[in-house]
Amino acid sequence: MYPHERSLVDEMKDKPFALIGVNSDKDVARAKKAVADNELNWRSFHAGPDGTRGPIPKAWAIQGWPTIVVLDGEGRIHYRGHDGDAATAVAKGLVGKLAAGGAGGGK
Amino acid sequence: MRTITTWALPLMLASALAAQQRPPQPTPKSPAAAERYAALQDEQKKLIDEYMTKAKAVMAEAEAAKKAGKPIPAMPMRPDTSALGKQALAAAKEASDGDDAVPFLLMAIGADRAGAAESFALLGEKYADHEATAQVGRLIGFLPRIVGEDKAPAIAAKFVKSRHPDVRGWAVFAQHEKTIETADRESDLYQGAKSELIKAAELASNAELKDSIREAIDTREKFGAGNVAPDIEGADLDGVAFKLSDYRGKVVFLDFWGDW
């Protein structure tokens, strides 16, 4: 996944798009090492010392990793699932609508 | 959404196998079958114990190698219990009733991946109503991966007709899970699946099944397409506070990830 996400961030650099992570490693040092080793270019929340059982994954009812949720400019959910390619297509479609002057593709 | 990663399925099968070692597992009622079952259980225990001894030794070696900066040895392969599974299936076929057959079939499913299709088919065909069959209910949702896409629907259909509320509940859940995840929430398809699942959860007694159904519906209705996502107020990996709502106005690709 890392290379796909990295190039997505690069490609969308000048667009109204943000890739935000919720890192679910228990140990934040491990997450930071992954960021350094893989040159990850996006900002992540840390889910806390309980990792996958931390408050953010719990509040979002996440049960499998990775899970991707795509939100439009108004915070409305357009995709939730595990398919990086499908999520990317949805996100690019929304960015296209935003750029065309829509309100973020909200329903 | 209830998913398992690729490594989780062998793990689940392994734990089904390990569960054979723990009471209260159903055991055959007739003395002859019970004796045969106990012999297979002993053999299984021996294989697992041997593996655990080996695995512990390798883990200790790996720990030492890591400290010394040397290459880490590979973990030993999981024990091959397929022969044991085949014997269990043979015993199940000879059994005269469900009380004798189902324990052998549960053992066969856990021990012999390649033979799991035949064991599952027999379980569905003859013993879908049996109390002990509920123990593998959770696996009904994973039938396509255990027995293959081609054979799964026919086997799953047997469990849907089960008179045991937990067996039937797991099968109905497997049948409708995708609909709950993806169908249009206003559609008759979604509404029908939802009411059937709620009914199945009410009738079921297994807590894991009840929770799984409730979670699947909740997840969809709170986090399905069209809902406004809750905000996240947290801190980044350097401890700097920020909020998801800081990114309003942009499309957000929110990625729950971990480096494991």
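**A strand of chain B within a sheet of chain A**

In this predicted model, helix α4 of chain A lies across β1, β3 and β4 of chain A together with β3 of chain B, and its direction is at about 170° to that of β4(A). The strands beneath this description belong to an open sheet of five strands, in which the order is β2(A)-β1(A)-β3(B)-β3(A)-β4(A) and the pairing is mixed. The edges of the sheet are formed by β2 and β4 of chain A, each of which pairs on one side only. On average, and with direction ignored, neighbouring strands of this sheet are turned by 20° against each other.

Strands of a sheet pair through backbone hydrogen bonds, in either a parallel or an antiparallel manner. Between β3(A) and strand β3 of chain B, which spans residues 251-257, the strands run antiparallel and are joined by five bridges. Among the bridge partners, A:V70 is matched with B:F253 in β3(B), while A:V69 is matched with B:L254 in that strand.

Chain A itself contains four helices and four strands, and these elements follow one another from the N terminus in the order α-β-α-β-α-β-β-α. Of its 107 residues, 37% count as buried. When the contacts in chain A with a separation of 6 or more are considered, 43% of them are accounted for by residues 24 or more positions apart.

The contact between the two chains takes 53 residues from chain A and 36 residues from chain B. On the side of chain A that touches chain B, at least two residues each are supplied by β1 (17-23), α2 (28-37), β2 (43-46), α3 (55-59), β3 (67-71), β4 (77-81) and α4 (84-99). Of these elements, β1(A) gives the most to that side, with seven residues. By class, the residues of the side of chain A that touches chain B divide into 30 nonpolar, 13 polar and ten charged.

Within chain B, two helix pairs can be described in further detail. Two packed helices are described by the angle between their axes and by the distance between the axes. For helix α8 (residues 165-182) and helix α9 (residues 188-203) of chain B, the axes come within 9 Å and cross at roughly 155°; with angles over 145 degrees counted as roughly antiparallel, α8(B) and α9(B) are therefore roughly antiparallel to each other. The crossing in which α8(B) passes α9(B) is left-handed. On the α8(B) side, the contact is made by B:P165, B:R168, B:G169, B:V172, B:F173, B:H176, B:T179 and B:I180, and on the α9(B) side by B:L189, B:Y190, B:A193, B:K194, B:E196, B:L197, B:A200, B:A201 and B:L203. The residues of this contact comprise eleven nonpolar, three polar and three charged.

The other pair consists of helix α5 (residues 116-127) and helix α7 (residues 152-160) of chain B, which pack at an angle of about 35° with their axes 8 Å apart. Here α5(B) passes α7(B) in a left-handed crossing. The residues that make the contact are B:F120, B:A121, B:G124 and B:E125 of α5(B), together with B:I155, B:K158 and B:F159 of α7(B). By class, the contact of α5(B) with α7(B) has four nonpolar, one polar and two charged residues.

Methods. Residues are numbered from 1 along each chain as its sequence is written. Chains are lettered from A and ligands numbered from 1 in the order in which they are written. This is a predicted model: local features need pLDDT of at least 70, side-chain atom pairs count only at pLDDT 80 or more; totals for chains, interfaces and linings use all residues. Axes are lines fitted to C-alpha atoms, for helices over the stretch in contact, and angles run from 0 to 180 degrees between N-to-C directions. Angles under 35 degrees count as roughly parallel, over 145 as roughly antiparallel, 65 to 115 as roughly perpendicular and the rest as oblique. A crossing is left-handed if the near helix is turned anticlockwise from the far one by less than a right angle, and right-handed if clockwise. Two residues are in contact if their C-beta atoms, placed from the backbone, lie within 7 Å. Ala, Val, Leu, Ile, Met, Phe, Trp, Tyr, Cys and Pro count as nonpolar, Asp, Glu, Lys and Arg as charged, and the others, Gly among them, as polar. Two strands pair if DSSP finds at least two bridges between them. A residue is buried if 20 or more other C-beta atoms lie within 10 Å of its own, exposed if 12 or fewer, and partly exposed in between; C-beta atoms are placed from the backbone.
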